[in-house]
Amino acid sequence: MATDTAPTPTEDAVRAALATVNDPEIHKPITDLGMVKSVEIAADGTVAVAVYLTVSGCPMRETITARVQEAVSKVAGVAGVTVELDVMSDEQRRELATSLRGGQAEREVPFAKPGSLTRVYAVASGKGGVGKSSVTVNLAAAMAADGLKVGVVDADIYGHSVPRMLGADGTPTQVENMIMPPSANGVKVISIGMFTPGNTPVVWRGPMLHRALQQFLADVYWGDLDVLLLDLPPGTGDIAISVAQLVPNAEILVVTTPQMAAAEVAERAGSIAVQTHQKIVGVVENMSGLPCPHCDEMVDVFGTGGGQTVADGLTRATGATVPVLGAIPIDVRLREGGDEGKPVVLTDPDSPAGSALRAIAGKLGGRQRGLAGMSLGITPRNKF
């Protein structure tokens with residue numbers, strides 16, 4: 001409580017405190033986003049702060065209110081804090097959207113810009129059921145736990161499962177024509193499942209699939225990501241082609257099982273990189289063996305060597321070395337974590353599957369972007 005000897009808080013001090021409050025969806029200070037409508041300080045030290053919400057019925061209104069109250073109450077001389085919520089006008093939202101796009105009013109895919117430093121990995125498989133989504137979710141969670149800023153696009157429009165597996169039960173918020181993605185376990189995520197009621201199937205053809213992916217990449221506000229993972233549908237269909245068009249610098253990560261039949265199909269899926277001129281970053285062999293509960297032996301439930309077979313085949317097809325980044329053993333905790341929305345790399349990081357996934361995440365997350373794969377804006381000059 002303020003006393004006769006306590007200093008009266010200044011507006012500058014209060015606004016400095018508000019500058020430490022980040023919007024929970026945009027992850028930038030509310031002062032930078034134009035969300036502070038007014039600050040009024042009474043003689044008794046009571047502070048009234050009016051805050052603009054980006055949209056009416058904002059799902060984060062209570063979180064914003066609590067963060068503002070907590071930050072301002074720490075200012076010397078503040079006797080109490082009240083927070084009044086208002087809603088931005090259409091013009092304010094347009095200005096905010098333009099500001100978040102770096103002054104560009106038009107929509108564009110930020111990861112396709114020549115200067116983008118975000119590593120984009122398109123996680124692909126030849127067929128379904130090889131654990132591609134489980135690998136994607138756990139790699140994302142592991143990288144986020146290592147301090148990286150990570151996003152996931154659930155590009156498997158027909159078989160979307162990433163929100164459940166990542167534990168993302170939030171809903172996207174729309175600001176003008178920009179979408180704020182929810183986060184879970186430190187990972188931003190977007191999926192068509194967040195826009196369809198219940199378990200409604202998506203029945204779309206190529207052009208609609210392309211447009212959905214384009215919106216996920218261009219209309220979603222991702223911020224400054226270190227890594228973006230795209231969980232692709234199995235095979236070499238429309239989405240794989242759209243990724244090559246929209247994010248040509250995306251690198252392909254192929255997931256397979258040790259089974260030769262699965263490996264042949266996975267090699268076929270990875271070989272699309274030859275046609276799209278994309279780089280294959282490596283191969284992950286999932287379900288590589290079952291640790292025997294009674295001895296130290298591995299039971300080869302799905303055979304052996306599939307991952308290396310795929311890597312060797314892709315090396316021949318592309319002319320560049322494609323490594324096997326890791327082998328993930330069968331672990332019931334990996335399946336349980338996917339069902340419960342608790343990635344095994346977080347709940348059981350030292351388990352066989354957790355350790356293997358964290359090792360792969362370390363290899364991918366620790367790679368420096370540099371100039372490799374970046375366009376330098378140079379065109380050949382004809383000598384004649």
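Student: What makes Glu251 and Arg119 a salt bridge?

Tutor: In this predicted model, the closest N and O atoms of Glu251 and Arg119 are 2.6 Å apart. The cut-off is 4 Å between a side-chain nitrogen of Lys or Arg and a carboxyl oxygen of Asp or Glu. The pair meets that rule, so the name applies.

Student: Why does the pair of Glu251 and Arg119 tie together separate parts of the sequence?

Tutor: Glu251 sits in strand β11 (residues 251–256), while Arg119 sits in strand β4 (residues 119–124). The pair therefore links parts that are 132 residues apart in sequence.

Student: Are Glu251 and Arg119 buried or exposed?

Tutor: Both Glu251 and Arg119 are buried. That label requires a relative accessible area under 20%.

Student: What makes Asp231 and Lys132 a salt bridge?

Tutor: Their side chains meet at 2.9 Å, N to O. The limit is 4 Å, so the pair qualifies. Asp231 belongs to strand β10 (residues 227–231) and Lys132 to helix α4, so this bridge ties together parts 99 residues apart in sequence. Asp231 and Lys132 are both buried.

Student: Which residues are joined into one network by salt bridges that share partners?

Tutor: Arg119, Glu251 and Lys279. By the same 4 Å rule, the count comes to 11 salt bridges.

Student: How do you know that Asp86 and Lys37 belong on that list?

Tutor: The side chains of Asp86 and Lys37 meet at 2.7 Å, N to O. Set against 4 Å, that is a salt bridge. Asp86 is in strand β3 (residues 80–87) and Lys37 is in strand β1 (residues 36–41), so the pair ties together parts 49 residues apart in sequence.

Student: Why is Asp86 called partly exposed?

Tutor: Asp86 has a relative accessible area of 28%. Buried ends at 20% and exposed begins over 50%, so 28% falls in between. Lys37, at 37%, gets the label by the same reasoning.

Student: What makes Ser133 buried?

Tutor: Its relative accessible area is 10%. The cut-off is under 20%, so Ser133 counts as buried. Ser133 lies in helix α4. Leaving aside neighbours within four places in sequence, Ser133 contacts Ser161, Met165 and Asp231.

Student: Which residues of the largest nonpolar core touch the most other members?

Tutor: Leu139, Val153 and Leu217, in a core of 79 residues. Helix α4 (residues 132–145) gives the most to this core, with eight residues. Another core, of 31 residues, lies apart from it; Leu33, Val55, Val68 and Ala71 are among its members.

Student: Which residues does Leu139 touch, not counting those up to four places away in sequence?

Tutor: Leu229, Leu253, Leu357, Ile360, Ala361 and Leu364.

Student: Why are β1 and β3 called edge strands?

Tutor: The open sheet has three strands in the order β1-β2-β3, with mixed pairing. β1 and β3 each have a single partner strand, so one side of each has no neighbour in the sheet. On average, neighbouring strands here are turned by 15° against each other, direction ignored.

Student: How do you know that β2 and β3 pair?

Tutor: Eight bridges join strand β2 (residues 46–53) to β3. Pairing needs at least two, so the strands pair. They run parallel. Thr46 stands opposite Gly80 in β3.

Student: What does helix α1 touch on the sheet?

Tutor: Helix α1 (residues 11–18) packs against β1 and β2, its direction making about 140° with that of β1. Helix α2 (residues 61–73) touches β2 and β3, at about 145° to the direction of β3.

Student: Which residues of helix α11 are buried?

Tutor: In helix α11 (residues 332–340), they are Leu334, Gly337 and Gly338. Seen down the axis of α11, these buried residues fall within an arc of 100°, so they line one face of the helix. Their cover includes α4, α5 (162–166) and α13 (352–365).

Student: How many helices and strands does the protein have?

Tutor: 13 helices and 15 strands. Buried residues make up 47% of its 384 residues. Among contacts between residues at least 6 apart in sequence, 74% join residues at least 24 apart.

How values were computed. Residues numbered from 1 in each chain as written. Predicted model: local features only at pLDDT ≥ 70, side-chain atom pairs only at ≥ 80, totals over all residues. Heavy atoms only, no water. Core = buried A, V, L, I, M, F, W, Y, C linked by side-chain atoms within 4.5 Å. Buried < 20%, exposed > 50% of the residue type's maximum accessible area, 1.4 Å probe, protein only. Helix = DSSP H or I, 4+ residues; strand = E, 2+ residues; numbered from the N terminus. Contact = heavy atoms within 4.5 Å. Axes fitted to C-alpha atoms, helices over the stretch in contact; angles between N-to-C directions. Arc of directions from axis to C-beta.
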